[in-house]
Amino acid sequence: MTRKPEVLFVCVHNAGRSQMAAALVRHYSLGRIAVRSAGSEPAEKVNPAAAAALAEWGLDITAEIPAKLSTEDVEASDVVITMGCGDTCPVFPGKRYLDWPLEDPAGQGVEAVRPIRDEIDRRVRGLVAEILPESGATA
């Protein structure tokens, strides 16, 4: 049995971009990709506008709890994606590192978060299609 591929999304507060990306990977991969998200300075709760933007698509992240980034998170992951927030991650050989420069949804309303959600969705579909070519997810 082969190991499930694992993706880690990292942003400073782990409350908006990384939470949306993780939820979308879970949705499109149907559980075939393990997903983690974390931040260097996690917030107390998920960004309400990010949660509302995903709720419009039937995805609920309100129960997610922002987590502190650990070396173990990075070590366990195959792909590590920072969300354009300047967070740095420990570097391990054999890992793939990407940076997705995305606007920060912090302090913005759902109207401003929708385009961020849409861009994350586009990138996640491409990532899932790359990791699981048979998934049917397309960019």
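**Close-up views of a predicted model**

**View 1. Contacts of A34 in strand β2.** Leaving out residues up to four places away in sequence, A34 touches K4, P5, E6 and V7. The model shown here and in the views below is predicted. A34 belongs to strand β2. Its relative accessible area is 22%, so A34 counts as partly exposed; the cut-off for buried is under 20%. One of the residues that A34 touches, E6, is also its bridge partner across the β1–β2 pairing. P115 lies 81 residues away from A34 along the chain, and the two C-alpha atoms are separated by 25 Å.

**View 2. Strand β1 and its two partners.** Strand β1 covers residues 6-10. On one side, β1 runs parallel to β2, and five bridges join the two strands. The E6 to A34 bridge is one of the links to β2. β1 also pairs with β3 in the parallel sense, over four bridges. There, L8 of β1 has V80 of β3 as its bridge partner. How many of the five residues of β1 are buried? Five of the five are, so the strand is largely enclosed by the rest of the structure. Both faces are covered. E6, L8 and V10 are buried on one side, V7 and F9 on the other.

**View 3. Helix α1 and the β-α-β unit.** Helix α1 spans residues 17-29, which makes 13 residues. From first C-alpha to last it reaches 18 Å, close to the 18 Å expected at 1.5 Å a residue. Together, β1, α1 and β2 make a right-handed β-α-β unit. Is α1 mostly enclosed or open? Of its 13 residues, 11 are buried, so the helix is largely enclosed by the rest of the structure. Among the buried residues are R17, M20, L24, V25 and Y28. The buried residues of α1 pack against β1, β2, α2 (48-55) and α4 (110-131). Just after the helix, L30 takes a positive phi of about 55°.

**View 4. The F9–W100 ring pair.** Searching the whole structure gives one aromatic pair. Its rings belong to F9 and W100, with centres 5.7 Å apart and planes at 55°, so the pair is tilted. F9 sits in strand β1 and W100 in the loop between β4 (96-99) and α4, so the pair ties together parts 91 residues apart in sequence. Both residues are buried. Neighbours within four places in sequence aside, W100 is in contact with F9, I81, T82, M83, G84, I120, R123, V124 and L127.

**View 5. Two nonpolar cores.** In soluble globular proteins, nonpolar side chains tend to be buried together. Here the largest nonpolar core has 33 residues. Which residues have the most contacts inside it? They are F9, M20, I81, M83, W100, I120 and V124. β1, α1, α2, β3 (79-82) and α4 each supply at least two residues of this core. A second core, separate from this one, has six residues, including L8, V10, A38 and L69. Strand β1 can be followed from View 2 into both cores: F9 is in the largest core, whereas L8 and V10 are in the second. On the strand, F9 is on one side, and L8 and V10 are on the other.

Conventions: Residues numbered from 1 in each chain as written. Predicted model: local features only at pLDDT ≥ 70, side-chain atom pairs only at ≥ 80, totals over all residues. Heavy atoms only, no water. Expected span 1.5 Å × (residues − 1). Buried < 20%, exposed > 50% of the residue type's maximum accessible area, 1.4 Å probe, protein only. Contact = heavy atoms within 4.5 Å. Phe/Tyr/Trp six-rings, centres within 6.5 Å; stacked < 30°, edge-to-face > 60°. Core = buried A, V, L, I, M, F, W, Y, C linked by side-chain atoms within 4.5 Å. Pairing = 2+ DSSP bridges. Right-handed = clockwise from strand over helix to strand, strands pointing away.
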